[in-house]
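Student: Could you walk me through how the chains sit against one another here? I'd love a close look at where chain C touches its neighbours.

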There are 4 protein chains.
Amino acid sequence: MDPAYESKVRESFARQAVMGEIGAVLGRIEPGEVEIELPYRAELTQQHGFIHAGIVATVLDSACGYGAFTLMPASASVLSIEFKINLLAPATGDSLLAVGTVIRAGRTITACRGEAFARSEGRQRPVAAMQATMMTVLGRADVKG
Amino acid sequence: MDPAYESKVRESFARQAVMGEIGAVLGRIEPGEVEIELPYRAELTQQHGFIHAGIVATVLDSACGYGAFTLMPASASVLSIEFKINLLAPATGDSLLAVGTVIRAGRTITACRGEAFARSEGRQRPVAAMQATMMTVLGRADVKG
Amino acid sequence: MDPAYESKVRESFARQAVMGEIGAVLGRIEPGEVEIELPYRAELTQQHGFIHAGIVATVLDSACGYGAFTLMPASASVLSIEFKINLLAPATGDSLLAVGTVIRAGRTITACRGEAFARSEGRQRPVAAMQATMMTVLGRADVKG
Amino acid sequence: MDPAYESKVRESFARQAVMGEIGAVLGRIEPGEVEIELPYRAELTQQHGFIHAGIVATVLDSACGYGAFTLMPASASVLSIEFKINLLAPATGDSLLAVGTVIRAGRTITACRGEAFARSEGRQRPVAAMQATMMTVLGRADVKG
């Protein structure tokens, strides 16, 4: 594990332009677990006024990817191979909290679980569940961090 | 099938605020198949400069959902139950084309396949594959279209 | 919820011929959670001597389906809409324990999580993770239980 | 690509004990595509008399894995990382045909699509769709073929 796991996640997140574009904020970073919070904005909704499933997936995928990234060696980059998401309830409320947790870290492949919660007036309820596969990439010039 | 399938898709898409926010444009609409195009914008990228996997999923999910919606009765709304996406290659190029196709339409459940292509200088190559499950919703006050 | 949830699961499981064929045994049944154990048998393996991923999926799918079934009304049947499984480690050892847990039960759709563990000499380690979608079926003549 | 792709698939399939156990038969083998047929047997069913979803997944996973394996170097082994399956219709009929097709073959990761059809009296209809991720494994002593 890279002892600078927290700073490398912060540095990479800062380069994920889409996070700034949608207003997502990096939260807690621990080995194998990362949180991202997304304040509700009407600009991110689908036709019923809920946060679009793909935007929920966007923050969950980043939370999972960075959860995996914390456990990777310093020279590695992280790439999403695939993910699957179940939408459990409408993503409404004041903000969305995405938690990405490593369930198994291998040399090349890391499996993660993601959970998204809608936060409203101090309470939170589950709105989505993800299962994702991340890849440790070494020595590829076109990907960094 | 609703004979007004095309106009109802256009009307619903126009209410998906996130489509406007990211710059996605509705393309071809046929019974069981819908296309959405997303011009490349640096604001939508992850840390390596590729379109973020979640944004690719966003347009694919809408293409699949609207593909399913074309085959639903006039009074129905469409909701995403779940989807799974494989990222096949970096989403770079001039634009991203997402094609959502129904593979089985049932009374309540519709299964779809989504394919995303990166377009560049008149050529296109596959960058993502989705398999998604959509739900026909009837008589629910909080969802429309 | 059907107060006879346990007996209806036992009765349906007994009719799943494939469970007897592979030697799977129904374990703990609680509202929203069901366990199935599968003793290791060389006849169930793939080319490396591990239990085949599809057989791991078979017991996890049934554990998830019956977990969902415990929370359904007495007149309902359960059907798998879809599932996704990550293989985390070789499925070896004395037996495989599959645990299916409901993460959200809706009127029509129930989302479940499945976890499979390889048991060996009193210890267990995770070998697979599933995320599944089950359907509550009412009034269909060709499916029962 | 290994020029002996067909014989290596046949040899590995013969070592998948579970294929013999359920009565699955290897069919057409081409670069990037493999077929497996499974005659209907009551011993493989779930509680409604349909082939169990997990057994459908078993033959689809092997078809996808061997489809990927045809494109791997001679020294490589193949492992399933994950798969997702949608059950489209009851798996009944005389037999089940599983077709696994590579949609992208990378150095380490291969993405596949699987389609299962129920065959009955000379006709076939789709019953399941899979999307799977396979891994090329080199130099690991515990896996071969």
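Tutor: Let's start with a pair of copies: a turn of 180° with a shift of 0.0 Å along the axis lays chain B on chain C with an RMSD of 0.0 Å. (Superposing means a least-squares fit on the C-alpha atoms of residues with pLDDT of at least 70 in both copies.) So what you have there is the relation of a two-fold axis. B:Lys84 is the residue of chain B that comes closest to the rotation axis, its C-alpha lying at 4.2 Å. Both copies use the same surface, as 100% of the contact residues of chain B recur in chain C.

Before going on, keep in mind that this is a predicted model, where local features need pLDDT of at least 70 and side-chain atom pairs need pLDDT 80 or more, while totals for chains, interfaces and linings use all residues. Residues count from 1 along each chain as its sequence is written, and chains are lettered from A, ligands numbered from 1, in the order in which they are written.

Back to B and C: each chain gives seven residues to their contact, where contact means C-beta atoms, placed from the backbone, within 7 Å. On the chain B side, strands S3 (77-87) and S6 (123-137) give two or more residues each, and S3(B) has the largest share with three. (Helices are DSSP runs of H or I with at least four residues, strands are runs of E with at least two, and both are numbered from the N terminus.)

Now for C and D. Here 32 residues come from chain D and 32 from chain C. S3(D) supplies the largest share of chain D's side, eight residues. S3 (77-87) of chain C and S3(D) pair in the antiparallel sense over five bridges; pairing takes at least two DSSP bridges. In one of these, C:Ile85 has D:Phe83 as its partner.

Helices meet too: H3 (53-69) of chain C packs on H3 (53-69) of chain D at about 160°, axes 8 Å apart. Axes are lines fitted to C-alpha atoms, for helices over the stretch in contact, and angles run from 0 to 180 degrees between N-to-C directions. H3(C) and H3(D) are therefore roughly antiparallel, since that label goes to angles over 145 degrees, with under 35 roughly parallel, 65 to 115 roughly perpendicular and the rest oblique. Among the residues meeting there are C:Ala53, C:Gly54 and C:Asp61 from H3(C), with D:Ala53, D:Gly54 and D:Asp61 from H3(D).

Conventions: Contact = placed C-beta atoms within 7 Å.
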